[in-house]
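Visitor: I'm new to this one and a bit lost. Could you pick out its inside and walk me through that part up close?

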Amino acid sequence: MSNCSSSISQFLLLAFADTRELQLLHFCLFLGIYLAALLGNGLIIITIACDHHLHTPIYFFLLNLSLTDLGCISTTVPKSMANSLWDTRAISYTGCVAQLFVFGVLIVTEYCLLTVMAYDRYVAICHPLHYGTLLGSRACVHMAAAAWASGFLNAVLHTANTFSLPLCHGNAVDQFFCEIPQILKLSCSDAYLRETGFLVVSAYLSIGCFVFIVVSYVQIFRAVLRIPSQQGQHKAFSTCLPHLAVVSLFVSTVVFAYLKPPSISSLFLDQVVSFLYSVVPPAVNPLIYSMRNQKLKDAMWKLMTGRLNSNKLLI
């Protein structure tokens with residue numbers, strides 16, 4: 001590692017605003033989004049964990065997805081909020097490495113979980129008689145463990161490679177959190193090509209997962225359209241549409257963030273895209289999944305009213 005990079009003790013994150021009033025507005029906006037994500041994802045996790053009727057494969061994967069969403073937004077948003085509140089841009093070198101690594105683990109794990117959930121829907125609708133065999137408890141645990149392991153290995157590879165590059169263009173990161181493309185902009189002219197190659201390989205693997213999801217849904221839609229009753233079709237679609245909406249939002253923003261051509265890159269566009277894939281999904285995913293899922297809504301209501309009633313009895 002060069003002297004340039006080894007002498008860096010901290011990075012400067014991008015500030016959303018340069019006036020005190022706008023900084024406080026940014027803090028309040030992010031605080032509201034963060035609390036909504038904590039409430040929504042926390043409620044899903046507690047509900048699934050406490051209600052034995054929800055101890056099925058799809059809800060097991062949804063619990064893991066909510067954990068990754070909570071982790072993603074907790075990795076990026078609190079630091080940005082603290083910087084706005086205390087009128088600073090600094091993040092330590094170690095903090096930046098940790099933020100990039102944890103976010104890398106969670107974002108890849110989430111994508112793998114979304115792929116597994118597409119397989120779950122495919123088996124449930126296209127091969128319902130084999131659902132219990134193909135998606136038993138042991139198989140579900142193995143698939144979830146494989147998703148987390150994939151995220152961990154991917155993050156180790158990219159974090160180690162990114163921060164082994166000599167940084168010759170200062171320490172100002174053009175993003176509100178430490179992100180691989182923005183760290184690469186600080187590296188020397190030719191040194192970033194190795195990490196870019198790793199990103200391309202990761203992109204091809206991601207495209208493979210995306211093709212798997214698309215093929216799964218093509219088969220699902222073909223099977224649903226063969227259901228004779230309109231009520232059956234509606235019920236089948238209602239179990240798939242939330243997952244399809246989450247996948248579409250997640251994949252489109254992540255792919256654009258990491259693979260967009262430099263010619264259309266701008267500071268404002270980079271901020272918007274990163275906000276869309278790192279902050280918006282954790283906040284809206286609980287709403288998307290619970291909005292059309294009556295079973296989950298009933299379990300949440302039962303959990304909340306049960307606790308309220310028990311509190312009344314104690315009083």
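Guide: Sure, and one term first: two residues are in contact when they have heavy atoms within 4.5 Å of each other. Keep in mind as well that this is a predicted model. Now take the contacts in the protein with a separation of 6 or more: 77% of them come from residues 24 or more positions apart.

Before zooming in, here's the overall layout. The protein has 12 helices and two strands. Reading from the N terminus, the elements go α-β-α-α-β-α-α-α-α-α-α-α-α-α. Of the 315 residues, 45% are buried. On the outside, the protein exposes about 15800 Å², and carbon and sulfur atoms supply 70% of that.

Now for the inside. In soluble globular proteins, nonpolar side chains tend to be buried together. Here, the largest nonpolar core has 61 residues, and Ile48, Leu62, Leu114, Met117 and Leu296 are the ones that touch the most other members. Helix 4, residues 93–126, gives the most to this core, with 13 residues. There's a second, separate core too: it has 16 residues, including Phe163, Leu165, Leu184 and Leu186.

Let's stay with Met117 for a moment. If you leave aside its neighbours within four places in sequence, Met117 is in contact with Ile58, Phe61, Leu62, Leu65, His243 and Tyr289. Hold on to Leu62, Leu65 and Tyr289 from that list, since they come back in a moment.

They come back where two helices meet. Two packed helices are described by the angle between their axes and the distance between the axes. Helix 3 (residues 57–85) and helix 11 (residues 280–291) pack at an angle of about 155°, and their axes are 9 Å apart. Angles over 145 degrees count as roughly antiparallel, and therefore helix 3 and helix 11 are roughly antiparallel to each other. From helix 3, the contact is made by Leu62, Leu65, Asp69, Cys72 and Ile73, while helix 11 brings Pro281, Pro282, Asn285 and Tyr289. Sort the residues of this contact by kind and you get seven nonpolar, one polar and one charged. Leu62, Leu65 and Tyr289 take part in this helix contact, and Met117 touches these three residues as well.

Next, have a look at some buried residues. Gln175 is in the loop between helix 6 (137–162) and helix 7 (180–184). Gln175 is buried because its relative accessible area is 0%, and the cut-off for buried is under 20%. Away from its sequence neighbours within four places, Gln175 is in contact with Leu13, Leu14, Gln182, Asp270, Gln271 and Ser274.

Gln271, one of those partners, lies in helix 10, residues 267–278. With a relative accessible area of 14%, Gln271 is buried. Setting aside residues up to four places away in sequence, Gln271 touches Leu14, Phe16 and Gln175. Leu14, then, appears among the contacts of Gln175 and among those of Gln271.

Helix 8 is worth a stop as well. Ser216 is found in helix 8, which covers residues 193–225, and Ser216 is buried at a relative accessible area of 4%. Beyond its neighbours within four places in sequence, Ser216 is in contact with Ala118 and Tyr122. Ser216 and Asp120 sit 96 residues apart in sequence, yet their C-alpha atoms are 9.5 Å apart in space. Arg222 is in helix 8 too, but Arg222 is partly exposed, with a relative accessible area of 47%. Its C-alpha atom is 9.0 Å from that of Cys126, 96 residues away along the chain.

For contrast, finish on the outside with Ser9. Ser9 sits in the loop between helix 1 (3–6) and strand 1 (10–12). At 55% relative accessibility, Ser9 counts as exposed, since the cut-off for exposed is over 50%. Not counting residues up to four places away in sequence, Ser9 touches Ser92 and Tyr93. The C-alpha atoms of Ser9 and Asn171 are separated by 9.0 Å, although their positions lie 162 residues apart along the chain.

Note on methods:
Residues are numbered from 1 along each chain as its sequence is written. This is a predicted model: local features need pLDDT of at least 70, side-chain atom pairs count only at pLDDT 80 or more; totals for chains, interfaces and linings use all residues. Side-chain values use heavy atoms; hydrogens and water are left out. Helices (H or I, at least four residues) and strands (E, at least two) are DSSP runs, numbered from the N terminus. Buried means under 20% relative accessible area, exposed over 50%, partly exposed in between (1.4 Å probe, protein chains only). Accessible areas come from the Shrake-Rupley method with a 1.4 Å probe; for residues, only the protein chains shown count as cover. A nonpolar core is a set of buried Ala, Val, Leu, Ile, Met, Phe, Trp, Tyr and Cys residues joined through side-chain atoms within 4.5 Å. Axes are lines fitted to C-alpha atoms, for helices over the stretch in contact, and angles run from 0 to 180 degrees between N-to-C directions. Angles under 35 degrees count as roughly parallel, over 145 as roughly antiparallel, 65 to 115 as roughly perpendicular and the rest as oblique. Ala, Val, Leu, Ile, Met, Phe, Trp, Tyr, Cys and Pro count as nonpolar, Asp, Glu, Lys and Arg as charged, and the others, Gly among them, as polar.
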